[in-house]
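Here is a short guided tour of a protein model, written for someone meeting such structures early on. Keep the picture open as you read and look for each part in turn.

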Amino acid sequence: MKHFIAVGACYIDTILSVPHFITEDEKLRASNIVRRRGGNCPNTIEVLEQFLDAQNDSISVDLVAVLPQRSSTAVKEIQQSLGSRASLRKCLYREEHLEPASSYIIRNLATDSRTIINYNALPEMTCDEFVQVADSINNEASWYHFEGRIPDVTLDCIRHLRKLCPGVKISVEIEKPGRAGLQELVPEADVVFYSKSWAIGNGYKTSEECLRAQAKTAPNALLLCCTWGEVGASAFEPSSHSLCVGPAYVSKDSPVVDTIGAGDTFIAGMLFSLLAHDEDWSLAQKLDFSNELAGRKVVQEGFGDLVSGMQSHL
């Protein structure tokens with residue numbers, strides 16, 4: 001049985017929708033407030049498990065994240081949000097803390113921009129802690145996905161996995177443009193997901209340009225992907241030099257209402273394609289599926305029941 005493990009931060013998000021961005025010392029009434037679990041890897045898991053469930057796939061799913069006290073209200077909320085397939089048994093619990101990592105997101109309805117303020121008092125995961133988790137899983141794992149939050153720790157974690165489980169597949173997300181050390185993760189991964197903001201921050205003008213250049217730094221990679229917002233995304237297989245460019249999926253009937261987590265949803269789509277349809281879907285099919293999934297996500301609040309609109313692919 002395949003075993004998928006995602007390693008990254010888990011947040012409780014509070015999203016305030018406002019008519020325009022607030023200025024200093026201004027009082028502004030929000031038009032809506034939403035509280036939900038966030039974090040790149042948990043978002044990806046929430047979407048991924050919908051499709052694994054739909055196909056009755058036996059792949060097991062674990063989240064490795066730093067969480068507050070095991071009995072806290074936040075942990076119960078996080079588990080409920082992820083459903084029954086995803087397990088928190090490998091998470092790192094900080095028993096002296098009751099509050100989870102939190103994000104306060106100001107969504108400007110005039111421009112659809114998102115301003116994010118994070119608060120996290122939980123001590124970060126160390127490589128030694130990850131080693132203990134990985135050793136307990138050992139050869140049960142078939143795929144590890146890393147958010148790439150703390151690059152030096154992530155790099156050490158990946159190198160440990162290469163020694164522990166040489167056959168395991170490893171994917172990593174390269175997202176924040178100002179985060180030093182992300183480039184060093186690329187040669188170590190099998191699959192790399194680049195964000196538009198990282199690509200632009202590093203001088204690339206298109207997703208295709210980013211992937212062709214990055215392929216030179218990823219000699220062992222099976223697949224490189226780069227999302228580009230409303231333009232779409234590209235995928236590149238270094239071994240065959242195959243490049244696919246796919247347009248974003250645009251709903252004819254529904255406006256964009258929630259772009260938070262669109263990139264996480266794309267990643268979920270591609271990971272599902274690789275885990276469940278690596279042999280029977282072409283690269284173009286995998287990219288089209290992931291683009292459409294992300295496009296369907298942005299016309300609804302949250303990540304619930306995305307599978308219903310994607311039945312034609314399954």
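The report below goes through the sheets, a cysteine, a cavity and a pocket.

## Before we start

Please keep in mind that this is a predicted model. Residue numbers start from 1 along the chain as its sequence is written, so you can find each residue by counting along.

## The sheet of nine strands

Let's begin with an open sheet of 9 strands. Walking across it, you meet the strands in the order β6-β4-β1-β10-β11-β12-β13-β14-β15, and the pairing is mixed. At the edges sit β6 and β15 (242–247), each of which pairs on one side only.

Take a look at the end of the sheet where β15 lies. Strand β14 (residues 232–237) is joined to β15 by 6 bridges, and these two strands run antiparallel. If you would like one pair to find for yourself, try Ala-233, whose bridge partner in β15 is Gly-246. A helix also packs on this sheet: α3 (residues 127–137) touches β1 (3–7), β4 (60–64) and β10 (143–146). The direction of α3 makes about 160° with that of β10.

## The sheet of four strands

Another open sheet is formed by 4 strands, in the order β3-β2-β8-β9, again with mixed pairing. Its edge strands are β3 (32–38) and β9 (113–119), and each of them pairs on one side only. From one strand to the next, the twist averages 20°.

Within this sheet, β2 (residues 11–18) and β8 (residues 101–108) run parallel and are joined by 8 bridges. As an example to look for, Leu-16 has Ile-106 as its bridge partner in β8. Helix α2 (residues 73–82) lies across β2 and β3, and it runs at about 85° to β3.

## A closer look at Cys-91

Now for a single residue. Cys-91 is found in the loop between β6 (86–87) and β7 (92–93). Is Cys-91 buried or exposed? Its relative accessible area is 7%, and buried means under 20%, so Cys-91 counts as buried.

Which residues does Cys-91 touch, leaving aside its neighbours within four places in sequence? Cys-91 is in contact with Leu-63, Val-64, Ala-65 and Leu-67. You can also look for Asp-62, which is 29 residues from Cys-91 along the chain. The C-alpha atoms of Cys-91 and Asp-62 are separated by 8.5 Å.

## The cavity

How many cavities of 30 Å³ or more are there? The count comes to 1. The largest cavity has a volume of about 250 Å³, and 20 residues line it. Lying nearest its centre are Gly-8, Ala-9, Glu-124, Met-125 and Arg-149.

Helix α4 (residues 151–164) gives the most to this lining, with 3 residues. By kind, the lining of the largest cavity divides into 13 nonpolar, 4 polar and 3 charged residues.

## The second largest pocket

Our last stop is the second largest pocket, with a volume of about 260 Å³. It is lined by 13 residues, and those nearest its centre are Trp-143, Lys-169, Leu-222, Leu-274 and Asp-278.

Which elements give two or more residues to the lining of this pocket? They are α7 (262–276) and α8 (283–297). The residues of this lining divide into 7 nonpolar, 1 polar and 5 charged.

Notes
Predicted model: local features only at pLDDT ≥ 70, side-chain atom pairs only at ≥ 80, totals over all residues. Heavy atoms only, no water. Pairing = 2+ DSSP bridges. Axes fitted to C-alpha atoms, helices over the stretch in contact; angles between N-to-C directions. Contact = heavy atoms within 4.5 Å. 1 Å grid on protein atoms, 1.4 Å probe; cavity = no way out; pocket = protein on both sides within 12 Å on 5 of 7 lines; lining within 4 Å. Points joined across faces, edges and corners; volume = space filled by probe spheres on them. Nonpolar A, V, L, I, M, F, W, Y, C, P; charged D, E, K, R; others polar. Buried < 20%, exposed > 50% of the residue type's maximum accessible area, 1.4 Å probe, protein only.
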